[in-house]
Amino acid sequence: MTNVGNRLAERTLELIDLPSVSRDEARIAEHVAGCVPLPLRYRHDDCLLFATERVAGRPLVLLAGHLDTIPAQENLPGRRDGDVVWGLGASDMKGGLAVMIELARWIAEDDPSLERDLALLFFPREELPAGESALPGVFAGAPLVREADLVVVLEPTDNTIQAGCLGNLNASLVFSGESAHSARPWLGVNAIERAVEGLADVVRLEPRPVTVEGLVFTEVLSVTRIEGGIAANVIPDRVECLLNYRYAPDRTPPEAEVELRSLVGGVGSLELRGNSPPARVAARSPLVQALRRAGDLALEPKQAWTPVAEFAGQGLDAVNLGPGATRFAHRRDEQIAGPELVRTFEALRRFLAGTVSA
């Protein structure tokens with residue numbers, strides 16, 4: 001592996017070995033603060049924002065990455081096997097953090113001629129529900145973030161640019177009945193039977209492709225949990241089902257709520273639990289097109305929800321691009337390939353310098 005590849009792999013392994021499960025990111029935040037040799041513009045609540053000096057007329061590119069991981073699955077400490085780095089968060093997204101740190105060190109050590117200003121945002125609690133996001137505090141306390149002409153979130157994308165993201169609507173669907181002794185079920189109304197009947201059309205719904213800005217997103221409605229019953233000899237009078245609706249960027253959150261009610265069809269009692277908006281598709285941004293050319297990168301839709309939606313909510317163009325493999329995110333055998341780390345690093349380095357891929 002090249003010197004750059006070795007540095008990126010070793011940096012990734014170093015970060016893996018700093019446990020940072022959500023809500024326990026203080027140690028890794030302190031470590032990152034000591035690794036990034038650019039001016040620190042903002043620090044609060046384990047959020048770190050670094051940036052080069054602004055130059056009049058140059059666009060600002062913000063690279064963003066979350067510090068936290070899901071809980072360990074017997075995959076700590078990490079290890080390196082040739083070109084592959086294994087361990088908790090390798091793909092999602094300590095490899096992306098390593099790329100960010102090494103780009104900062106490249107700028108500080110080589111003093112290259114840049115065509116675009118750079119800011120780096122490291123933040124906690126991304127793996128938790130959106131209500132615990134640290135980003136609203138960053139938007140309020142660090143005005144520099146809202147100056148970004150392009151935000152690149154280094155989530156695992158297999159080195160493709162993934163534009164936009166799906167909205168994420170969660171709801172509970174409750175079916176009510178009347179309890180009775182299971183020896184005399186005709187004296188009650190079985191809520192489970194009502195749920196089975198009421199969910200029949202929901203579970204048969206086909207995924208719906210939606211084209212936005214030339215990219216095909218897939219809307220899906222899933223039943224993710226069912227709870228009901230209190231004992232083996234009791235006909236249950238209540239069953240609660242959790243629904244998860246992933247909707248395309250062409251819908252607003254209120255429109256998605258109306259569509260969900262239509263899809264459910266009036267069965268049961270529907271209660272909304274949370275609705276995270278989608279991100280608009282920034283595929284036509286000149287900076288996105290320049291980034292594509294710099295790394296010869298494919299453009300795809302983001303078939304999930306990511307923090308690009310929070311940046312988009314601030315009126316910013318935002319995309320996902322990272323070295324991690326989506327198929328290894330959150331797995332016990334989580335890993336990342338060294339050549340993919342190098343590919344992301346080199347694409348972003350050329351992009352910042354204003355050069356194109358060979």
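The following exercises, each with a worked solution, concern a predicted model of a protein chain.

**Exercise 1. Overall description**

Determine how many helices and strands the protein chain has, and what percentage of its residues count as buried.

Solution.
Step 1. The secondary structure of the protein chain comprises 9 helices and 18 strands.
Step 2. The protein chain has 358 residues, of which 52% count as buried.
Step 3. Along the principal axes, the C-alpha atoms fill a box of roughly 80 × 40 × 35 Å.
Step 4. Of the contacts between residues at least 6 apart in sequence, 78% join residues at least 24 apart.

**Exercise 2. The packing of helix 1 and helix 3**

Classify the mutual orientation of helix 1 and helix 3, and identify the residues that make the contact.

Solution.
Step 1. Helix 1 spans residues 3-16 and helix 3 spans residues 90-110; the two pack at an angle of about 125°, with their axes 8 Å apart.
Step 2. Angles of 65 to 115 degrees count as roughly perpendicular and those over 145 as roughly antiparallel. Helix 1 and helix 3 are therefore oblique to each other.
Step 3. The crossing of helix 1 past helix 3 is right-handed.
Step 4. Helix 1 contributes Arg7, Leu8, Arg11, Thr12, Leu15 and Ile16 to the contact, while helix 3 contributes Ala90, Lys94, Gly95, Leu97, Ala98, Val99, Ile101, Glu102 and Arg105.
Step 5. Sorted by class, this contact of helix 1 with helix 3 has 8 nonpolar, 2 polar and 5 charged residues.

**Exercise 3. The eight-stranded sheet**

Give the strand order of the open sheet formed by 8 strands, and name its edge strands.

Solution.
Step 1. The order of the strands is 1-2-6-3-7-17-8-16, with mixed pairing.
Step 2. Strand 1 (40-44) and strand 16 (299-301) are the edge strands, each pairing on one side only.
Step 3. On average, and with direction ignored, neighbouring strands of this sheet are turned by 25° against each other.
Step 4. Within the sheet, strand 3 (residues 60-66) pairs with strand 7 (residues 150-153) in the parallel sense over 4 bridges. Leucine 63 stands opposite valine 152 of strand 7.
Step 5. Helix 3 lies across strand 3 and strand 6 (117-123), and runs at about 140° to strand 3.

**Exercise 4. The environment of leucine 150**

Establish whether leucine 150 is buried or exposed, and list its contacts outside its neighbours within four places in sequence.

Solution.
Step 1. Leucine 150 belongs to strand 7.
Step 2. Its relative accessible area is 0%, and the cut-off for a buried residue is under 20%, so leucine 150 is buried.
Step 3. With neighbours within four places set aside, leucine 150 is in contact with Leu60, Val61, Leu62, Leu287, Val288, Asp317, Ala318 and Phe351.
Step 4. The C-alpha atoms of leucine 150 and serine 285 are separated by 8.5 Å, although these residues are 135 apart along the chain.

**Exercise 5. Strand 14 and its partners**

State how many residues of strand 14 are buried, and describe its pairing with strand 9 and strand 12.

Solution.
Step 1. Strand 14 (residues 238-247) is mostly covered, with 8 of its 10 residues buried.
Step 2. Strand 9 (residues 167-176) pairs with strand 14 in the antiparallel sense over 10 bridges. Here alanine 171 stands opposite leucine 243.
Step 3. Strand 12 (residues 215-228) and strand 14 also run antiparallel, joined by 8 bridges. Valine 220 stands opposite arginine 246 in strand 14.

**Exercise 6. Backbone exceptions**

Locate the cis peptide bonds at proline 77 and methionine 93, and the positive phi values at aspartate 45 and arginine 125.

Solution.
Step 1. Most residues other than glycine have a negative phi, and most peptide bonds are trans.
Step 2. Leucine 76 and proline 77 are joined by a cis peptide bond with omega about -5°; proline 77 is placed in the loop between strand 3 and strand 4 (79-81).
Step 3. A cis bond also leads from aspartate 92 to methionine 93, with omega near -5°, and methionine 93 is in helix 3.
Step 4. Aspartate 45, in the loop between strand 1 and strand 2 (47-51), has a positive phi of about 55°. With 36% relative accessibility, aspartate 45 is partly exposed.
Step 5. Arginine 125, in the loop between strand 6 and helix 4 (135-141), has a positive phi near 65°. Its relative accessible area is 16%, so arginine 125 is buried.

Terms used:
Residues are numbered from 1 along each chain as its sequence is written. This is a predicted model: local features need pLDDT of at least 70, side-chain atom pairs count only at pLDDT 80 or more; totals for chains, interfaces and linings use all residues. Side-chain values use heavy atoms; hydrogens and water are left out. Axes are lines fitted to C-alpha atoms, for helices over the stretch in contact, and angles run from 0 to 180 degrees between N-to-C directions. Angles under 35 degrees count as roughly parallel, over 145 as roughly antiparallel, 65 to 115 as roughly perpendicular and the rest as oblique. A crossing is left-handed if the near helix is turned anticlockwise from the far one by less than a right angle, and right-handed if clockwise. Contact means heavy atoms within 4.5 Å. Ala, Val, Leu, Ile, Met, Phe, Trp, Tyr, Cys and Pro count as nonpolar, Asp, Glu, Lys and Arg as charged, and the others, Gly among them, as polar. Two strands pair if DSSP finds at least two bridges between them. Buried means under 20% relative accessible area, exposed over 50%, partly exposed in between (1.4 Å probe, protein chains only).
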